[in-house]
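Please walk through this structure with the sequence at hand. The route starts in the sheet and then moves to the charged side chains.

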Amino acid sequence: MPREGIALVLSAPSGAGKTTLVKRLLAEFPHIGYSVSCTTRQPRQGEVDGKDYIFLSHEEFEQRRVQGYFAEWAEVHGNFYGTPLAPVKEKLHQGQDVLFDIDVQGAAQLKLSLSEATFAFILPPSLHELENRLRGRGLDDEPTIARRLVNARSEILQARWYDSVIVNDNLDQAYDTLRAVYVAAGLAPARNPHLLDEILNR
Ligand code: ADP
Ligand code: 5GP
């Protein structure tokens, strides 16, 4: 019986650098599974359906929601997002580690249903820098950027209940911290009962 995989839940205000950090983590640890969310948002340039997101109409999303298809779901910046439950459960039961990129509302729901998960929050060094990054990324129009900045304030306050916070000022340092959070999650004594027994009996 393989041990349950690590569930690593990451949240951040939009523009903090979560996608950049996640790509790096998945490149270094390709065995980590990614929880592909459903969304009603329009695909951005370069995004692949089924890989980055499963892109759904509002009707399709609502149908799945009432069928209990989602482990959690939330409205974020005017669009709906949800985590499909079955593939995540299957991966974790098979012992595969799974990374979730979800907002604070969804993370709070998972905290109740997946309490053994590790919750990490990526912070920008300041709201000013967050604004610069959102503009510099060049993906969102001005009203979208304004809405994301307003939401960032309340999202950042939610970081209080996460297990770890990672300030993404220097990218390399932030990545080292994220890496350490992931590695430490796998070393938790509850995941390694045999290790403690071996040390005591050696
Ligand atoms: P998110 O997924 O959190 O919305 P992104 O990963 O898309 O954020 O990053 C937003 C922008 O900020 C991108 O243009 C990215 O290259 C840039 N960025 C990410 N991390 C840093 C950093 N530490 N310093 C400067 N720019 C960064
Ligand atoms: P974006 O549209 O920029 O890809 O993501 C916007 C926000 O939605 C991000 O904070 C992201 O973490 C969040 N998000 C993505 N997928 C999900 C999901 O399945 N559930 C929830 N609750 N939030 C999600």
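In this predicted model, strand β1 (residues 7-11) runs parallel to β8 and pairs with it over four bridges. Within that pairing, S11 has F121 of β8 as its bridge partner. On β8 (residues 118-123) there is also a parallel pairing with β9, again over four bridges. Here F121 stands opposite V165 in β9. F121 thus appears in both pairings, facing S11 in one and V165 in the other.

These strands belong to an open sheet of five, in the order β2-β7-β1-β8-β9, with parallel pairing. Its edge strands are β2 (33-34) and β9 (164-167), each of which pairs on one side only. Strands of a sheet pair through backbone hydrogen bonds, in either a parallel or an antiparallel sense.

How many of the six residues of β8 are buried? Six of six are, and the strand is mostly covered. In a regular strand, side chains alternate between the two faces of the sheet. In β8, T118, A120 and I122 point one way, while F119, F121 and L123 point the other way. Both sets are buried.

The sheet strand β7 (98-101) leads to another residue to look at. D103 sits in the loop between β7 and α4 (104-113). D103 is buried but has no salt bridge. Which side chain of opposite charge is nearest to D103, and how far away is it? That side chain is K18, at 8.3 Å. A salt bridge requires the nitrogen and the carboxyl oxygen to be within 4 Å, so K18 at 8.3 Å does not qualify as a partner for D103. The side chain of D103 instead reaches the backbone nitrogen of G106, at 3.0 Å. Apart from neighbours within four places in sequence, D103 is in contact with S11, A74, V76 and Y162. S11 is the β1 residue whose bridge partner is F121.

Elsewhere, charged side chains do pair: the structure holds 12 salt bridges. One of them joins D172 to R24, with the closest N and O atoms 2.7 Å apart. D172 lies in helix α7 (residues 171-186) and R24 in helix α1 (residues 18-28), so this pair ties together parts that are 148 residues apart in sequence. Are these two residues buried, partly exposed or exposed? D172 has a relative accessibility of 46% and counts as partly exposed. R24 is also partly exposed, at 31%.

The salt bridge between R133 and E129 joins residues of one helix. Its closest N and O atoms are 2.7 Å apart. Both residues lie in helix α5 (residues 127-137), four residues apart, which is about one turn of the helix. E129 is partly exposed, with a relative accessible area of 25%. R133 also has neighbours from other parts of the chain. Leaving aside those within four places in sequence, R133 is in contact with G15, A16, P125, N168 and D169. The C-alpha atoms of R133 and G17 are 8.3 Å apart in space, although 116 residues separate the two in sequence.

A further salt bridge joins R137 and D140, at 2.9 Å from N to O. R137 is partly exposed, with a relative accessible area of 33%, whereas D140, at 16%, counts as buried. The two do not stand alone: R44, R137 and D140 are linked in a network of salt bridges.

Next comes helix α6 (residues 142-157), which holds T144. T144 is buried, with a relative accessible area of 16%. The side chain of T144 makes a polar contact with the side chain of D141, at 2.4 Å.

Finally, a database record can be set beside these details. In an unreviewed entry, UniProt places the feature "domain: Guanylate kinase-like" at residues 5-183. Over that span the chain is 44% helix and 22% strand, and the end C-alpha atoms are 12 Å apart.

How values were computed:
Residues are numbered from 1 along each chain as its sequence is written. Chains are lettered from A and ligands numbered from 1 in the order in which they are written. This is a predicted model: local features need pLDDT of at least 70, side-chain atom pairs count only at pLDDT 80 or more; totals for chains, interfaces and linings use all residues. Side-chain values use heavy atoms; hydrogens and water are left out. Helices (H or I, at least four residues) and strands (E, at least two) are DSSP runs, numbered from the N terminus. Buried means under 20% relative accessible area, exposed over 50%, partly exposed in between (1.4 Å probe, protein chains only). Lys and Arg count as positive and Asp and Glu as negative; His and the chain ends are not counted. A polar contact is a pair of N or O atoms within 3.5 Å; within protein, one must be able to donate a hydrogen and the other to accept it, and residues adjacent in sequence count only if both atoms are side-chain atoms. Contact means heavy atoms within 4.5 Å. UniProt positions are given in the numbering used here, feature names are shortened, and annotations may be inferred rather than shown by experiment. Two strands pair if DSSP finds at least two bridges between them.
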